[in-house]
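Me: I would like to talk through how a few labels on this structure are earned. Could you take me through them one by one?

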Amino acid sequence: MLTVTLWMTLVSTQAIAICINIDIPDTPLYTFDDEGIFIQTHDGLELDANIFIPTGASEEDKRPAIIFINSWALNDNEYLAPAKRFAEKGYVVFSYTTRGFGCSEGKVSVVTDDDMSDLSSAVDYLDSLGFVDIDNIGASGISYGSGISLVGLAKEPRIKTVAAMSTWDSIVDSIYKDNTTRLAWGAVLVLSGEVIGNLDNEVRKVYTSILTNKNIDYVREWSAKRSPRSYIDLINERNAPVFIANNYGDGLFPPNGAMALYSKLTTPKHLELNQGEHATGELDGLLGLDSFTWTNAENWFDYWLKGDTSLNIPNERVFIETDLNKKREVYSQLPDEIADTQTFYLTPSGLLRDGSLSEQPYQGRETSNRIMAGIDSGAWSGIPILASIFDGNLGEPVTMRRLLFNSLAGQWYESPTLTQGMRIRGIPKLDLEVSSNTDHFQVVTYLYDIAPNGLATLINYAPYSRHDLERGENVQFTMELTAAAYDIPAGHKLAVVIDTFDLLFTPPSILPYSLNFHYSREFQPKIEIPVL
């Protein structure tokens, strides 16, 4: 019979540690222990843990092991369902709670040398048991745990391979890409860390800095030490195999980062991009349900830790799931690398007409369009966090109609009717030239699929901000939209919509300002879309 013991401990004046012990009955295939299992850290702390031990494991019959590392604000019980499955297949499965969360002591300081030492201590613990095959240990985690796993793969030579889910390439490019604070997800992380974790003061300082757009060099330095991007060379030197899974609608760690990480790896590697919000592509497996991602992760570990060559895992493989129609596609490389580029040039709007998307470069006179910035145009990414869940996981995308769009607060560019469908596979890139009547600006770009009845379905979006301008200065820049796998049917239209406000992102000012979009033959505003 499964029993659960829960208690709470005050770890600071702001935070409460939620401690949970779960007693899972032993079976003929494994035993489980959640009582009195701790990692002893190098600085005298105890980190809470649990362990599944497969029946028959001994010094004469050593077994491969997997270390699971918790997501942000969760604990070592997060992975009980997949851990049970691995134990039934003969793995020793050890899960621990990182510093500052759950029943573990210490402070949450985000992928520091202490966290790396803790991971090494977990390996030491497994080695001390006597029945773990020390040459075949893997690590895995979702979100926060994935980052520790990846950096650990670079720094702890006894970790042979990792499965990193909902992971990141660069922290600063996730929470402050293109000088724009991810307001909704940043608030979720910091508030949850404050309430049920024991945050280090430096984490608060970083969040305050990006909210106020100050001390950004410090933020970038802090991020670099905690980002897998910084340790790619070490992973490549080891030729250590890496499994990555992310989600197209991930508002915390967008898929662009996972794709960049995958492209830099020269090791055996696997990438899959599912639909949905952060961590939702892995949620079914955590609940003990059938899961595409967790099944692939099991096969990955079976191949690399058990040597099951019947699985025929290639050195490079990319799985993607398309939006709305939910089709799975498999490639031997990133689709961007084999896609054609379809270019549309942005042309200016007039008094009674929208701008357009043309396949021919702009040949008119130099001109500009002005909008009132800092005001919502009606285009938006949807209810923060929930919109990506409804789109990617429930098939209910964010939609709008042109009639509800405020042209005083944004620009609408629309293509002619497409005679052939577009299979968008990858990262669209937008070139713009703008000027602001103040020292800052923010643009939020949305890509829409417009049906014949006029309903505009959101494909993807992205922000770009500057905080260091001379008033009236013309600024040319290229911005990346979030990667997409979306099919636009023939007979539909494509639209690029640009405004300056979205609930997901911190605006550069609460005061309105004006923003000009410039067009000329010398600099062609355009969007480049990878299509197959």
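**Pocket and core labels**

Reply: Happy to, and keep in mind that this model is predicted. By class, the second largest pocket is lined by 12 nonpolar, five polar and one charged residues.

Me: What makes a residue of that lining count as nonpolar, for instance among those closest to the centre of the pocket?

Reply: The closest of the 18 lining residues are Ser-71, Trp-72, Leu-74, His-278 and Ala-279. Trp, Leu and Ala are on the nonpolar list, so Trp-72, Leu-74 and Ala-279 count as nonpolar, while Ser-71 and His-278 count as polar. The volume of this pocket is about 320 Å³.

Me: Which elements give two or more residues to the lining?

Reply: These are α5 (183–196) and α10 (280–286). With four residues, α5 gives the most.

Me: Why is the set of 75 residues called a nonpolar core?

Reply: Its members are buried residues of the nonpolar kinds named for a core, joined through side-chain atoms within 4.5 Å, so the name fits. Among those that touch the most other members are Ile-67, Trp-72, Phe-94 and Leu-126. Helix α3 (residues 144–155) supplies the largest share, six residues. Another core, of 37 residues, lies apart from it and includes Leu-346 and Phe-441.

Me: What is Leu-126 in contact with, beyond its neighbours within four places in sequence?

Reply: Leu-126 is in contact with Ile-51, Ala-65, Ile-67, Val-92, Phe-94, Val-132 and Ile-137. Contact takes heavy atoms within 4.5 Å, so each of these residues meets that limit with Leu-126.

Conventions
Residues numbered from 1 in each chain as written. Predicted model: local features only at pLDDT ≥ 70, side-chain atom pairs only at ≥ 80, totals over all residues. Heavy atoms only, no water. Buried < 20%, exposed > 50% of the residue type's maximum accessible area, 1.4 Å probe, protein only. 1 Å grid on protein atoms, 1.4 Å probe; cavity = no way out; pocket = protein on both sides within 12 Å on 5 of 7 lines; lining within 4 Å. Points joined across faces, edges and corners; volume = space filled by probe spheres on them.
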